[in-house]
Amino acid sequence: HMAEVMSGLSASTRVLVASIRDSNQLPELAKRGCDTFTFSPAIASQLFVDPLTTQAAGAFEAAAERQGSRAGVTRLHMDSLSN
């Protein structure tokens, strides 16, 4: 409720929301006017990992691999660059 109080005062102070425990809390907090958050890497993963995106990326990689083999292109692995 702090964000609501601050917006009512027309203050330039921003409320930093911390200790987010679940990514599902963010939409509700945003609806209430909160726009500045800190959260753990685990919460970030929940925000950016989506099963359909993962599936689409896998399909893209497989198609690129097939296309590359037809053209005689070998895949460059990042591990090989460090040697």
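Analyst: Two residues are in contact when heavy atoms of theirs lie within 4.5 Å. Ile-43 meets that condition with Ile-20, Arg-21, Asp-22 and Ser-23, leaving aside residues up to four places away in sequence. The model discussed here is a predicted one.

User: How do you know how far to trust the prediction, and what is the average pLDDT of the chain?

Analyst: The average is 78, on a scale of confidence from 0 to 100. At least 70 is reached by 69% of the residues. Among the elements, α2 has the highest mean, 89, and helix α5 (residues 78-81) the lowest, 54.

User: What makes up the secondary structure of the chain?

Analyst: There are five helices and zero strands, so the order from the N terminus reads α-α-α-α-α.

User: Why is Ser-23 called buried?

Analyst: Buried requires a relative accessible area under 20%. Ser-23 has 13%, so it is buried. This serine sits in the loop between α1 and α2. Ser-23 touches Ile-43, Gln-46 and Leu-47, again leaving aside residues up to four places away in sequence.

User: What makes the pair Ser-23 and Gln-46 a polar contact?

Analyst: The distance limit for such a pair of N or O atoms is 3.5 Å. The side chains of Ser-23 and Gln-46 come to 2.9 Å, which is within the limit, and therefore the pair counts.

User: What is unusual about the phi of Ser-19, another residue of the loop between α1 and α2?

Analyst: Phi of Ser-19 is near 65 degrees, a positive value, and the residue is not glycine. Most residues other than glycine have a negative phi. Ser-19 lies between α1 (2-8) and α2 (25-31).

User: How do you know that Lys-31 and Glu-28 form a salt bridge?

Analyst: The rule asks for a side-chain nitrogen of Lys or Arg within 4 Å of a carboxyl oxygen of Asp or Glu. Lys-31 and Glu-28 stand at 4.0 Å, N to O, and so they satisfy the rule. Both belong to helix α2, three residues apart, which means a separation of about one helical turn.

User: Which other residue forms a salt bridge with Glu-28, and what do the bridges make together?

Analyst: Arg-32 does, its closest N and O atoms with Glu-28 being 3.1 Å apart. Shared partners join Glu-28, Lys-31 and Arg-32 into one network. The count of salt bridges is two.

User: Why are Lys-31 and Glu-28 put into opposite-sounding classes of exposure?

Analyst: Exposed means over 50%, and partly exposed runs from there down to 20%. Lys-31, at 69%, is therefore exposed. Glu-28 has 37%, so it is partly exposed. Arg-32, at 37%, is also partly exposed.

User: What makes Val-17, Ile-20, Leu-26, Cys-34 and Ile-43 a nonpolar core?

Analyst: A core consists of buried nonpolar residues joined through side-chain atoms within 4.5 Å. These five residues form the largest such set. In soluble globular proteins, nonpolar side chains tend to be buried together. Of the 83 residues of the chain, 11% count as buried.

User: Is Phe-37 buried or partly exposed, and how do you know?

Analyst: Partly exposed: its relative accessibility is 25%, so it misses the buried class, which needs under 20%. Phe-37 is in the loop between α2 and α3 (41-48). Beyond residues up to four places away in sequence, Phe-37 touches Leu-16, Val-17, Ile-20, Leu-26, Leu-29 and Ala-30. The C-alpha atoms of Phe-37 and Ala-18 are separated by 5.9 Å, although the two are 19 residues apart along the chain.

User: What share of the exposed area comes from carbon and sulfur atoms?

Analyst: They supply 58% of about 6,800 Å².

Methods
Residues numbered from 1 in each chain as written. Predicted model: local features only at pLDDT ≥ 70, side-chain atom pairs only at ≥ 80, totals over all residues. Heavy atoms only, no water. Helix = DSSP H or I, 4+ residues; strand = E, 2+ residues; numbered from the N terminus. Buried < 20%, exposed > 50% of the residue type's maximum accessible area, 1.4 Å probe, protein only. Polar contact = N/O pair within 3.5 Å; in protein donor to acceptor, adjacent residues only side chain to side chain. Areas by Shrake-Rupley, 256 points an atom, 1.4 Å probe, with all protein chains shown as cover.
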